[in-house]
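Here's a walk through some local geometry, written for someone who likes to check things against the coordinates. Have the viewer open and follow along.

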Amino acid sequence: MSSLRLLPLLTCLLLLAGNPAQARDTALPPSVIKALARAKVPADAFGVVVEEAGGNNTPLLSHRAGTPMNPASVMKLVTTLAALETLGPTWTWNTPVYMEGTAREGTLYGNLYIKGQGDPKLVVERLWLLLRRVQGLDIRNIAGDIVLDRSAFEAVAHDPAEFDGEPLRPYNAAPDALLLNFKSVLLTFVPERGANAAHVHVEPPLAGVTWPSHVPLRETDCNDYRSTLRADFSDPALPRFAGRYPAACNEKVWPLAYADPASYGVRAIEGMWRAIGGQLQGKVRYGAVPEGLAPAFALESPPLAEVVRDINKYSNNVMTQQLFLTLSLQQQGRGTLMGSRELLREWWRQRFGSEEVPQIANGSGLSREDRMTAGALARLLQYAWASPLMPELMSSLPISGQDGTLRPSRWRARGNAHLKTGSLRDVASVAGIVHADGGRRYVLVAMVNHPNAGATRPAMEALVEWVAQQPAPGRKKKPD
């Protein structure tokens, strides 16, 4: 794999020499111990490293730092940093469009091909732009078919309900070389009291799917409006709302994964093409671009640094998996799980040696097989802190108590840290940089693997606050 932006060998050796996995365990802060006790989680289910960023790597706190654990979504830090290094922060995906046959007087006498190359942000607005660019070539009518080529990635076996029982959440979509709008729709409900109904607007339009145009209102508090609607998606072509919409809710937007993801791409392309005035004599289908056909144009994605920000701020699993498969697509010509796993392992070995190489399934942390030690993750963060790409990675992390997965409704400790969080059933984790009162910055990694892991957020918050209260050198810390 490319050695782009490798730290000097001496720096890497220093990072290895300060491996916190070799450090002797230190006592956990009392506030953390109390919070763990309230959560009924033993200390031996907790792996922690805290050390000064860019310092001599002598841990301020080290507890079970060398124990392999499931890191959940903090694994995204490995994938995104490796991608920033090997592809570069300004790298972009391209989605080429091909025309077969001849075009005259507004009609293409042949097929139009769209080839997916893994773009994670081919959302509604950019799909609209792609099809408008086709029309900009004076094509309003396609006499043949629109063919969607998804061959750049291998098909990945996927159960959208496997991890949280929420198959209709867009973040549970499967990766796809031509991933359109996360295979999801946005349902917008706009209540009109005069009509005693909420209007329903759906974006993007899906060919062959008939959505209700409105749903009756109900004079009740706006609590769980989604349950009140009593949605029925058993027939993907004919969704229904058997309930009512709470009038007190005002306007709401419901992002919803389409119930039949295998047909989503075909339906979305045809629906959008017809919605912007296009005509189609054939059909939309999956297939391959003929060999030797040159693209008419290509739609460019936002730069990688912007995509990484979306991935880490909001812990987007499917975007991460798109990026993960892109690594092997760029190096080996096709995106495969096996290829990307080996590329990431080699990237790790080149920088940190052969010890504590993470076990990575799909790059997103959405896996029961992933394993990584707190010490190894701390080494990664130290490496990132010394890297020219430090600003790109750190600015992609949620700000404590302010945005992303650490917005105020979810996280109590405010403003003094950039942290990536992770959670699965039986897993909770946090990793990033904490700015302490004394002016120093600290690498922090904490992971819990235990059936009560979901109750340990107060312990994580207490740990972050303890680090944030570290005094300047020579001054005493306030009692914990």
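What follows covers two helices, some strand pairing and a disulfide, all in a predicted model.

## Helix H2 and its two sides

Start with H2, which spans residues 30-38 and has Val32, Ala35 and Leu36 as its buried residues. Look down the helix axis and those buried residues sit within an arc of 100 degrees, so they line one face of H2. Flip to the face turned away from that buried side and you'll find the exposed residues Lys34, Ala37 and Arg38.

What covers the buried residues of H2? Strand E1 (46-52) and helix H12 (457-468) are included in the cover. Right after H2 comes Lys40, and its phi is positive, near 60 degrees.

## Strand E1 and its partners

E1, already met as part of the cover over H2, is itself mostly covered, with 6 of its 7 residues buried. As a quick refresher, strands in a sheet pair through backbone hydrogen bonds, and they can do so in parallel or antiparallel fashion.

E1 pairs with strand E21 (residues 441-449) in the antiparallel sense, and 7 bridges hold that pairing. E1 is also joined to strand E2 (residues 61-63), again running antiparallel, by 3 bridges. Val49 is a handy residue to click on: opposite it in E21 stands Val445, and opposite it in E2 stands Ser62.

## A mixed open sheet

Next up is an open sheet of 5 strands, ordered E14-E11-E10-E9-E15, with mixed pairing. Its edges are strand E14 (245-246) and strand E15 (252-257), each of which pairs on one side only.

Zoom in on the E14 end. Strand E11 (residues 214-218) pairs with E14 in the parallel sense, over 2 bridges. In that pairing, Leu217 has Tyr245 of E14 as its bridge partner.

## The disulfide

How many disulfides does the structure hold? The count is 1, and the link joins Cys222 to Cys249 with an S to S distance of 2.0 Å. Cys222 sits in the loop between E11 and helix H5 (225-229), while Cys249 sits in the loop between E14 and E15, so the pair ties together parts that are 27 residues apart in sequence. If you're checking dihedrals, the link between Cys222 and Cys249 has 100 degrees about the S-S bond and is right-handed.

Are the two cysteines buried or exposed? Cys222 is partly exposed, because its relative accessible area is 27% and the partly exposed class lies between 20% and 50%. Cys249 has 6% relative accessibility, so it counts as buried, the cut-off being under 20%.

## Helix H8, end to end

H8 makes a neat sanity check on helix geometry. With 16 residues (317-332) at 1.5 Å a residue, H8 should span 22 Å, and its end C-alpha atoms are 23 Å apart, which agrees. The expected figure takes 1.5 Å times one less than the number of residues, which is the step to use if you redo the sum.

H8 is mostly covered too, with 13 of its 16 residues buried. What happens at the two ends? At the start, a side-chain oxygen of Asn316 comes to within 3.3 Å of the backbone nitrogen of Val318. After H8 comes Gly333, with a positive phi, near 90 degrees.

Conventions
Residues numbered from 1 in each chain as written. Predicted model: local features only at pLDDT ≥ 70, side-chain atom pairs only at ≥ 80, totals over all residues. Heavy atoms only, no water. Buried < 20%, exposed > 50% of the residue type's maximum accessible area, 1.4 Å probe, protein only. Helix = DSSP H or I, 4+ residues; strand = E, 2+ residues; numbered from the N terminus. Arc of directions from axis to C-beta. Contact = heavy atoms within 4.5 Å. Pairing = 2+ DSSP bridges. Polar contact = N/O pair within 3.5 Å; in protein donor to acceptor, adjacent residues only side chain to side chain. Disulfide = S-S within 2.5 Å.
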